[in-house]
Amino acid sequence: MAGAGGDKPFAKAGPSPLSRVLRISQLDAFELDGALEQLVWSQFTQCFQHFKPGLLTPLEPELKALLQLLLWRFTVYSNSATVGQSLLNIRYKNTLIPGQKYRPMSRPQKFWFALLTVGEKWLRERSHSLFLNHPAESNARKARKVLSILMGLTKVASLINFLLFLQRGTYPTLTERLLGVQPVFSRPQGPRDINFQFLNRELLWHGFAEFLIFLLPLINVWKLKASVTALFSPLKELRGTEGSEETHCTECAVCGEWPTMPHSAGCKHVFCYYCLKSHTIADICFTCPKCGTETGTIEPVRLHVGVETVPQTLAWDTAGELETKLNT
């Protein structure tokens, strides 16, 4: 036990009897461990972001295993606890030694723990490439089939173990059950002061967001926009009535551009055919955005485009040039 590092001081300070760890705390510890592994791997790959793409891909399983072994060395091997468990004041207890007093993990348990966690992840990621370039009837392919069967049985056993964990609250993983290590609190758990202010605020905003998600699809945005536009359209007409008829015929009441395939819908305004048709399909009670008139029969409109009057000076210059040519 002397080589366990930080386990000896904990043996003196451990509570007696040991407190039982909640199921949610044990699962939270695994989530924190997984988040830490992803963080370490992302920081490691950023060191090679300016190198050739795919440089780390051939050795990715080995590099991940090396980083996980590094974490294991300074967590489980030193303190009999993972990083997530340390944050939640949890450590592993050796249940192979009977008694209520805390017993840290032995060295064989720590090494087997690394082999069954880090080694299992490495083998799962590397197994495909290990047996890839071998004939179908070779011993390597047969070993791969045996390995896949063993992995399948391991998954079934892990599922059964997790169901037992949900029922009894001990040994959340198959590795912990096989090694006989159980999470316990590293110090006595005092009474908790629970503040529901943050929880109430989150519930309030969550309910408000669900209410908006339910309410917004019921609001006819296009009709509301048309009503607002029709409300302010008389103000525009009072400001200037010159060229109002031309504007009605040369602007689509929806998109404001020159009408493509102009059509009318029962009022003096003109629409693009696609603008009018799409809006009437989306809203049966579609009204004109300019005047608020309900759409009726859709009919095509003929637009007469006139030629602008030529300026007087240009006309006189053209006449003078024509007279000069006739005289010559």
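# A walk along helix α6 and beyond

R124 and E120 sit four residues apart in helix α6, about one turn of the helix. Select the two of them to begin. What you have open is a predicted model, so keep that in mind as you click around.

**The first pair**

Zoom in on the side chains. R124 and E120 form a salt bridge, with the closest N and O atoms 2.5 Å apart. Colour by accessibility and R124 comes out as partly exposed, because its relative accessible area is 40%. E120 is partly exposed too, since its value is 36%.

Now show the whole of helix α6, residues 107-130. Where does the helix bend, and by how much? Look at R124 again: the bend there is about 35 degrees.

**Two ties to other helices**

Next, select K121 and E37. They make a salt bridge whose closest N and O atoms are 3.3 Å apart. K121 belongs to helix α6 and E37 to helix α2 (residues 23-46), so this pair ties together parts that are 84 residues apart in sequence. K121 counts as partly exposed because its relative accessibility is 27%, and E37 counts as partly exposed because its own is 26%.

Then move to E62 and R126. Their side chains meet in a salt bridge, 2.6 Å from N to O. E62 is in helix α3 (residues 60-74) while R126 is in helix α6, so the pair ties together parts that are 64 residues apart in sequence. Is R126 buried or exposed? R126 counts as buried, because its relative accessibility is 14% and the cut-off for buried is under 20%. E62, with a relative accessible area of 30%, is therefore partly exposed. If you want the tally, the model has four salt bridges.

**The buried side of α6**

Stay on this helix and select its buried residues: Q109, K110, F113, A114, V118, R126 and S127. Pick out Q109 from that set. Q109 is buried because its relative accessible area is 6%. Which residues does Q109 contact, leaving aside neighbours within four places in sequence? Show N94, L96, L179, G180 and V181 and you have them.

**The cores**

Time to leave the helix. Select C252, A253, A265, C267, F271, C272, C275, L276, F286 and C288: these ten residues make up the largest nonpolar core. Apart from it lies another core, of nine residues, and W72, M105, F113 and A114 are among them. You have met two of those names already: F113 and A114 are also on the list of buried residues in α6.

Back in the ten-residue core, click on C275. Setting aside residues up to four places away in sequence, C275 touches C252, V254 and C255.

**Out to the surface**

Finally, switch on the surface and select W205, F208, F211, F214, L215, L216, L218, I219, V221, L224 and V228. Together they form a nonpolar patch with about 1,100 Å² of accessible area. The elements that give two or more residues to this patch are α9 (197-215) and α10. Which of the elements gives the most? That is α9, with five residues.

End at L224, a member of the patch that lies in helix α10 (residues 221-239). L224 counts as exposed because its relative accessibility is 51%, and the cut-off for exposed is over 50%. For a last distance to draw, join the C-alpha atoms of L224 and P289: they are 9.4 Å apart, although the two residues are 65 places apart along the chain.

How values were computed:
Residues are numbered from 1 along each chain as its sequence is written. This is a predicted model: local features need pLDDT of at least 70, side-chain atom pairs count only at pLDDT 80 or more; totals for chains, interfaces and linings use all residues. Side-chain values use heavy atoms; hydrogens and water are left out. Buried means under 20% relative accessible area, exposed over 50%, partly exposed in between (1.4 Å probe, protein chains only). A nonpolar core is a set of buried Ala, Val, Leu, Ile, Met, Phe, Trp, Tyr and Cys residues joined through side-chain atoms within 4.5 Å. Contact means heavy atoms within 4.5 Å. The bend at a residue is the angle between axes fitted to the seven residues ending there and the seven starting there. Patches are made of residues with over 30% relative accessible area and no salt bridge: like charges are joined within 9 Å, nonpolar side chains (Val, Leu, Ile, Met, Phe, Trp, Tyr) within 5 Å. Accessible areas come from the Shrake-Rupley method with a 1.4 Å probe; for residues, only the protein chains shown count as cover.
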